[in-house]
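Student: I would like to talk through this fold with you, step by step. Could we begin with the terms and then move on to the residues?

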Amino acid sequence: MIIKSMSWTQLKNGILNDELPRDREKYVRYTNLASINKKMVIYYLQQGFRHPDRRKACLKGILEEMLRSSNARYDIEDSTKR
């Protein structure tokens, strides 16, 4: 899903451009997240830039925010697939 050799900037661009994470069965696109989830994703991205040693934990937080099961707006994305 997310390549370890990818830079944090590439990860940020991939998430904000709805390219990452690729598993749509498990994760919701960034643009379909609720505003609080979007703010948390941005927070984790910023923390990853400020503290490179914490990037693994930040990535885990980002993926947690984008999980389908924890998102109230995933039904909007599902309705566009029909």
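Tutor: Gladly! A residue counts as buried when its relative accessible area is under 20%, and as exposed when that area is over 50%. Keep in mind that the model is predicted.

Student: Which residues of helix 1 are buried?

Tutor: Helix 1 spans residues 8–16. With the cut-off of under 20% relative accessible area, the buried residues of this helix are Trp8, Leu11, Gly14 and Ile15.

Student: How wide an arc do they cover around the axis?

Tutor: The buried residues in question are Trp8, Leu11, Gly14 and Ile15. They lie on the same side of helix 1, because the arc they cover around the axis is only 120°.

Student: Which helices do the buried residues of helix 1 pack against?

Tutor: Let us place this in the whole chain, whose elements run α-α-α-α from the N terminus, with 4 helices and 0 strands. The partners of the buried residues of helix 1 are helix 2 (35–50) and helix 3 (55–65).

Student: And which residues of helix 3 are buried?

Tutor: Helix 1 and helix 2 are among what covers them. The buried residues of helix 3 are Cys58, Gly61, Ile62, Leu63 and Glu65.

Student: Which residues touch the most other members of the largest nonpolar core?

Tutor: In soluble globular proteins, nonpolar side chains tend to be buried together. Here the largest nonpolar core has 15 residues, and those that touch the most other members are Ile15, Val41, Ile62 and Met66. Helix 1, helix 2 and helix 3 each supply at least two residues of this core. So the names to remember are Ile15, Val41, Ile62 and Met66.

Student: What does Ile62 touch, not counting residues up to four places away in sequence?

Tutor: Ile62 is one of the buried residues of helix 3. Two of the residues that Ile62 touches, Trp8 and Ile15, are buried residues of helix 1. The full set is Trp8, Ile15, Val41, Tyr44 and Leu45.

Student: Is Lys60 buried or exposed?

Tutor: Lys60 has its place in helix 3. Its C-alpha is 9.1 Å from that of Tyr44, which is 16 residues away in sequence. The relative accessible area of Lys60 is 63%, and the cut-off for this class is over 50%, so Lys60 is exposed.

Student: Which residues is Leu16 in contact with, leaving aside its neighbours within four places in sequence?

Tutor: Leu16 lies in helix 1 and is partly exposed, with a relative accessible area of 30%. Its C-alpha and that of Thr31 are separated by 7.6 Å, although the two residues are 15 apart along the chain. The contacts of Leu16 are Tyr30 and Ile42.

Student: Which charged end sits over the ring of Tyr30?

Tutor: Tyr30 also came up as a contact of Leu16. The charged end over the Tyr30 ring is 5.6 Å from its centre, and it belongs to Lys38.

Student: What is the phi of Asp18?

Tutor: Most residues other than glycine have a negative phi, and most peptide bonds are trans. Asp18, in the loop between helix 1 and helix 2, is not a glycine, yet its phi is positive, at about 65°.

Student: And which residues does the cis peptide bond join?

Tutor: One partner, Pro21, lies in the loop between helix 1 and helix 2. The omega of this bond is about -15°, and the residues joined are Leu20 and Pro21.

Key:
Residues numbered from 1 in each chain as written. Predicted model: local features only at pLDDT ≥ 70, side-chain atom pairs only at ≥ 80, totals over all residues. Heavy atoms only, no water. Lys NZ or Arg CZ within 6 Å of the ring centre and 35° of its normal. Buried < 20%, exposed > 50% of the residue type's maximum accessible area, 1.4 Å probe, protein only. Arc of directions from axis to C-beta. Contact = heavy atoms within 4.5 Å. Core = buried A, V, L, I, M, F, W, Y, C linked by side-chain atoms within 4.5 Å.
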